[in-house]
Amino acid sequence: MGILTRQKTENQNSAKQTIATNVSSQAHHVSRAKRGQAVGTVRGFRGCTIWMTGLSGAGKTSISFKLEEFLVSQGIPAYGLDGDNVRTGLNRNLGFSKEDREENVRRVAEVAKLFADGGVITLCSFVSPFEEDRRMARKIHEDSELPFFEIFVNASLKICEARDVKGLYKKARSGIIKGFTGIDQKYEIPIKPDLIVNTENATLEESTARVIEFLENRSIIPKMYGLGRSVHELFVPESMIEDVEKEAQNLQAIEINEVDLQWIQVLAEGWAAPLKGFMKEKQYLQSQHFNCLTENGVQINQSIPIVLAVNDDDKERCQNVTSLTLRYNGRNMAILRNPEFYFHRKEESCSRVFGTNDIRHPYIKMIYETGDWLIGGELEVIERIRWNDGLDEYRLTPNEIRAKCREMGADAVFAFQLRNPIHNGHALLMQDTRKRLLERGYRKPVLLLHPLGGWTKDDDVPLAVRIKQHQAVLEDGILHEDTILAIFPSPMLYAGPTEVQWHAKGRLIAGANFYIVGRDPAGIPHPNKDATPDGNLYDSTHGARVLSMAPGLQNLEIIPFRVAAYDVKQRSMAFYDPERQSDFIFISGTKMRNLAKSGENPPEDFMAPKAWKILSEYYQGINNN
């Protein structure tokens with residue numbers, strides 16, 4: 001350690017200060033490169049300081065804390081140093097004179113430098129009104145060869161005063177606060193900031209996304225998804241459709257089935273981002289063995305493989321081409337570029353995804369009926385996929401859902417995945433989630449009611465009936481009006497906890513930051529019912545438990561399923577209370593179907609009346625046929 005001797009200096013601001021002399025800097029044994037390998041889950045040294053300056057009320061702290069939340073959720077260490085917080089501790093002995101403001105900035109810059117040197121992205125939100133002080137903060141970092149970015153969070157005095165979140169402008173105008181920046185203390189606008197973020201007509205998510213994009217462009221962080229940014233789609237630009245259609249006519253073609261086309265829709269709309277087509281073998285192996293894809297050092301959950309199976313004849317015909325056409329019912333749907341063929345190891349794949357290789361499982365049966373080769377490659381989808389079944393208006397892409405949430409002013413989006421009709425127990429869970437989000441301070445939580453719309457097994461309620469039933473629930477006012485009803489285009493695999501991760505990832509891509517996990521999500525009876533204690537292939541609790549640990553989903557908060565049952569005393573659905581277990585009855589899916597088939601009504605307040613009528617008519621129609 002260096003030897004310190006203290007020397008008294010002049011009295012500044014009525015406080016005695018000392019200066020340490022005979023100090024020598026001590027070199028760390030750990031290099032920044034080594035620290036970057038150990039700090040956070042995304043490899044690489046990313047230490048830097050982002051200095052956000054601007055008037056009080058411009059949005060510095062809001063952006064800083066939102067950015068901190070996002071970076072940490074992605075496994076990148078970040079820490080926000082806020083002006084008010086620092087002045088309650090480290091700088092509590094400083095006032096707001098020019099000298100004290102300079103010392104405030106100096107101390108914070110020195111602390112930020114240490115954080116940055118430790119590999120942390122340090123987010124400083126300080127009014128810091130003087131150009132000279134900000135230059136000093138930059139120099140402190142440059143002298144240590146650490147990146148420093150000055151970001152001017154720009155909002156006019158008029159806007160900031162109108163916001164006046166802390167009531168400070170009102171006090172300054174009335175003379176209670178003296179020396180308040182913007183009122184009786186000048187703010188020197190940055191001469192050459194690294195970035196200007198104008199917050200007057202931008203949401204917090206949009207402003208934060210601008211900073212994220214800036215950090216990506218400066219190679220501080222890898223490219224990521226989230227916070228209001230658009231999802232990359234695989235559709236051919238409108239101006240090029242005619243040329244691509246002509247090209248597709250002259251290429252070797254492979255005929256695909258309906259489920260294949262559903263997966264093309266999933267890929268084209270961006271639900272499986274960052275995939276740009278059917279998986280090549282490297283991506284397939286990542287998904288099979290790690291449930292994730294890795295892009296730019298970031299893990300992105302992809303628990304199920306999205307692959308295209310072809311037969312021997314197709315492989316022989318197309319194995320030497322650089323592009324080929326994918327055709328459905330004689331119609332050219334997409335071009336697959338740079339195709340790669342590899343063997344379809346069905347037994348291994350099924351065992352890993354489903355935990356079984358039993359062909360009595362409906363999706364496994366379909367896999368074994370497909371070809372013995374897989375083909376991967378980048379997709380160019382000629383146009384948006386429409387099914388013309390009267391439900392296309394509900395088939396919103398991730399970008400459309402995000403845009404709709406922005407239009408509604410959502411500050412939280414909670415998603416509910418289902419493939420069954422909605423009863424009031426489901427509604428209770430969605431109502432309770434909304435209530436809890438409001439209690440946490442969110443002002444406009446929006447529900448994404450997102451039924452699965454791809455292939456399902458034969459005895460599941462058809463999509464058209466489910467959508468009609470869901471719409472009836474909304475019309476009866478069972479759910480809050482801040483609800484988006486849309487269709488998730490994925491086929492259903494019935495792969496339990498493995499598939500649950502895929503369902504959650506899709507909603508994350510659509511902009512959800514909260515996800516409600518149902519009981520026994522993606523579950524199915526065991527082909528051999530005597531093989532497990534409950535007769536099911538998967539433990540009903542494992543879906544929620546796996547999601548809480550799943551890699552690549554850190555930016556999604558999981559809302560665990562609360563068991564609801566019919567309370568005979570309250571004559572309504574309620575959360576199950578084990579201390580009053582005799583007051584509750586559980587209405588199974590089988591019992592519900594039998595009631596509907598026989599034309600009987602369920603207990604009062606089990607399901608919205610209009611919704612029950614739709615379900616009952618469907619089952620009675622089956623019964624009559």
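**Stop 1: R138 and its contacts**

Start by selecting R138, which sits in helix 5. You are looking at a predicted model. Now show what surrounds this arginine. Setting aside neighbours within four places in sequence, R138 is in contact with F148, E150 and D194. Next, add L195 to the selection. R138 and L195 are 57 residues apart along the chain, and their C-alpha atoms are separated by 14 Å.

**Stop 2: helix 4 against helix 5**

Stay with helix 5, and select all of it, residues 131-142, together with helix 4, residues 98-117. The two pack at an angle of about 25°, and their axes lie 9 Å apart. Because angles under 35 degrees count as roughly parallel, helix 4 is roughly parallel to helix 5. The crossing of helix 4 past helix 5 is right-handed.

Which residues of the two helices meet? Show side chains on both:

- From helix 4: K98, R101, E102, V105, R106, A109, E110, A112 and K113.
- From helix 5: E132, D133, M136, A137, I140 and H141.

Colour them by class. This contact of helix 4 with helix 5 holds eight charged residues, six nonpolar and one polar.

**Stop 3: the first annotated domain**

Zoom out and select residues 46-198. An unreviewed UniProt entry annotates this range as "domain: APS kinase". Over residues 46-198 the chain is 42% helix and 18% strand. Pick the C-alpha atoms at the two ends of the range: they are 25 Å apart.

**Stop 4: helix 11 and helix 13**

Move along the chain to helix 11, residues 281-290, and helix 13, residues 346-354. Their axes come within 9 Å and cross at roughly 45°. Helix 11 and helix 13 are therefore oblique to each other. Show the side chains here too. Y284, Q288 and H289 of helix 11 meet E348, S349, R352 and V353 of helix 13. The residues of this contact of helix 11 with helix 13 divide into three polar, two nonpolar and two charged.

**Stop 5: the second annotated domain**

Now select residues 393-618. The unreviewed UniProt annotation for this range reads "domain: Sulphate adenylyltransferase catalytic". Over residues 393-618, helix accounts for 35% of the chain and strand for 15%. The end C-alpha atoms of the range are 22 Å apart.

**Stop 6: the five-stranded sheet**

Switch to a cartoon view. Find the open sheet of five strands, ordered 18-17-16-19-20 with parallel pairing. Which strands stand at the edges? They are strand 18 (483-485) and strand 20 (557-559), and each pairs on one side only. The twist averages 25° from one strand to the next.

Look more closely at strand 17, residues 445-451. Strand 17 and strand 18 pair in the parallel sense over three bridges. Select L449: this leucine stands opposite L485 in strand 18.

Then bring in the helices that lie across the sheet. Helix 17, residues 463-475, lies across strand 16, strand 17 and strand 18, and runs at about 160° to strand 18. Helix 16 lies across strand 16 (412-418), strand 17, strand 19 (514-516) and strand 20. The angle of helix 16 to strand 16 is about 165°.

**Stop 7: the three-stranded sheet**

Select strands 21, 22 and 23. The three form an open sheet in the order 22-21-23, and the pairing is antiparallel. Strand 22 (572-575) and strand 23 (584-585) are at the edges, each with a single partner strand, so one side of each has no neighbour in the sheet. Strand 21, residues 564-567, pairs with strand 22 over four bridges. Click on Y566: its bridge partner in strand 22 is M573.

Helix 16, residues 424-439, turns up here as well, packing on the sheet and touching strand 21 and strand 22. The direction of helix 16 makes about 50° with that of strand 22.

**Stop 8: helix 20 and helix 21**

Finish with helix 20, residues 589-598, and helix 21, residues 609-624. The two pack at an angle of about 75°, with axes 7 Å apart. That makes helix 20 roughly perpendicular to helix 21. Show the residues that make the contact:

- From helix 20: M592, R593, L595, A596 and K597.
- From helix 21: W612, L615, S616, Y619, Q620 and N623.

By class, the contact of helix 20 with helix 21 has six nonpolar, three polar and two charged residues.

Note on methods:
Residues are numbered from 1 along each chain as its sequence is written. This is a predicted model: local features need pLDDT of at least 70, side-chain atom pairs count only at pLDDT 80 or more; totals for chains, interfaces and linings use all residues. Side-chain values use heavy atoms; hydrogens and water are left out. Axes are lines fitted to C-alpha atoms, for helices over the stretch in contact, and angles run from 0 to 180 degrees between N-to-C directions. Angles under 35 degrees count as roughly parallel, over 145 as roughly antiparallel, 65 to 115 as roughly perpendicular and the rest as oblique. A crossing is left-handed if the near helix is turned anticlockwise from the far one by less than a right angle, and right-handed if clockwise. Contact means heavy atoms within 4.5 Å. Ala, Val, Leu, Ile, Met, Phe, Trp, Tyr, Cys and Pro count as nonpolar, Asp, Glu, Lys and Arg as charged, and the others, Gly among them, as polar. UniProt positions are given in the numbering used here, feature names are shortened, and annotations may be inferred rather than shown by experiment. Two strands pair if DSSP finds at least two bridges between them.
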